[in-house]
Amino acid sequence: RFIAERHDEAAVGGFQGNTLAHTLELNIKNLFSSGNKFIYELLQNADDAEATEVEFILRGSTLIISHNGKHFSKDDVSKLCDNAQPFGEKTVNIDKTGYKGVGFKAVFCISNKVVVLSQPYCFSFDEGAFNHAPGRRFPWQMIPNWIDIDSLRDLGLDVGKVHFILYNVKPDEVLEEVAFIFQSSEFLLFL
């Protein structure tokens, strides 16, 4: 129900959807101009969740990033559904890497459908969910859609872990970006 409430608030709310959608798309493109930023951001998420293991699996045009850290709270989900809200635990907790409230949005540079599975939540950010409204644009990167966890059964995911499933990625580009990251001295500094 919580995910449905967040969806209705954003998708049906009285704000200017077209303007917000356009601004959000520009911000994502400008902030995350290099294709590998999503890797850093998801590693940062795992670090903030105190994960000790992170796994990247590429299956065709689907990239699955999983970690064994803490699952999301309601507050964490709300922050994923928001944009650039730097206030909160991350701004005062020196053990947290991120704080700007925009990092997760880097995944939308390579995918137009992202599923988040973090018990008890399973939801997507899906550009295709809003094709029913010609001429209207929605900030789909902020509007969660509840997903039945059974629909992900064929992926064989361990529900004890946190998963980010990025659909419609370009496999060659993902492999190139991952290889670049792991050969980069910047990556060593990040660790």
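How much area does the chain expose, and what percentage of it do carbon and sulfur atoms supply? The chain exposes about 10400 Å², of which carbon and sulfur atoms supply 52%, the areas being computed by the Shrake-Rupley method with a 1.4 Å probe and, for residues, with only the protein chains shown counting as cover. The model is predicted, so that local features need pLDDT of at least 70 and side-chain atom pairs count only at pLDDT 80 or more, whereas totals for chains, interfaces and linings use all residues. Residues are numbered from 1 along each chain as its sequence is written, and side-chain values use heavy atoms, with hydrogens and water left out.

The chain contains seven helices and six strands, which are DSSP runs (helices H or I, at least four residues; strands E, at least two) numbered from the N terminus, and their order from that terminus is α-α-α-β-β-α-α-β-β-β-β-α-α. Of the 191 residues, 43% are buried (under 20% relative accessible area, with exposed over 50% and partly exposed in between; 1.4 Å probe, protein chains only). Among contacts (heavy atoms within 4.5 Å) between residues at least 6 apart in sequence, 67% join residues at least 24 apart.

Ser111, placed in the loop between helix H5 (89-92) and strand E3 (113-118), is buried, with a relative accessible area of 4%. Beyond its neighbours within four places in sequence, Ser111 is in contact with Trp140, Leu166, Tyr167 and Val169, and a polar atom of the Ser111 side chain lies 2.6 Å from the backbone oxygen of Tyr167. Glu173, in helix H6 (residues 171-183), is partly exposed at a relative accessible area of 45%; Glu173 and Ile110 are 63 residues apart in sequence, with their C-alpha atoms 8.9 Å apart in space.

Technical notes. A polar contact is a pair of N or O atoms within 3.5 Å; within protein, one must be able to donate a hydrogen and the other to accept it, and residues adjacent in sequence count only if both atoms are side-chain atoms.
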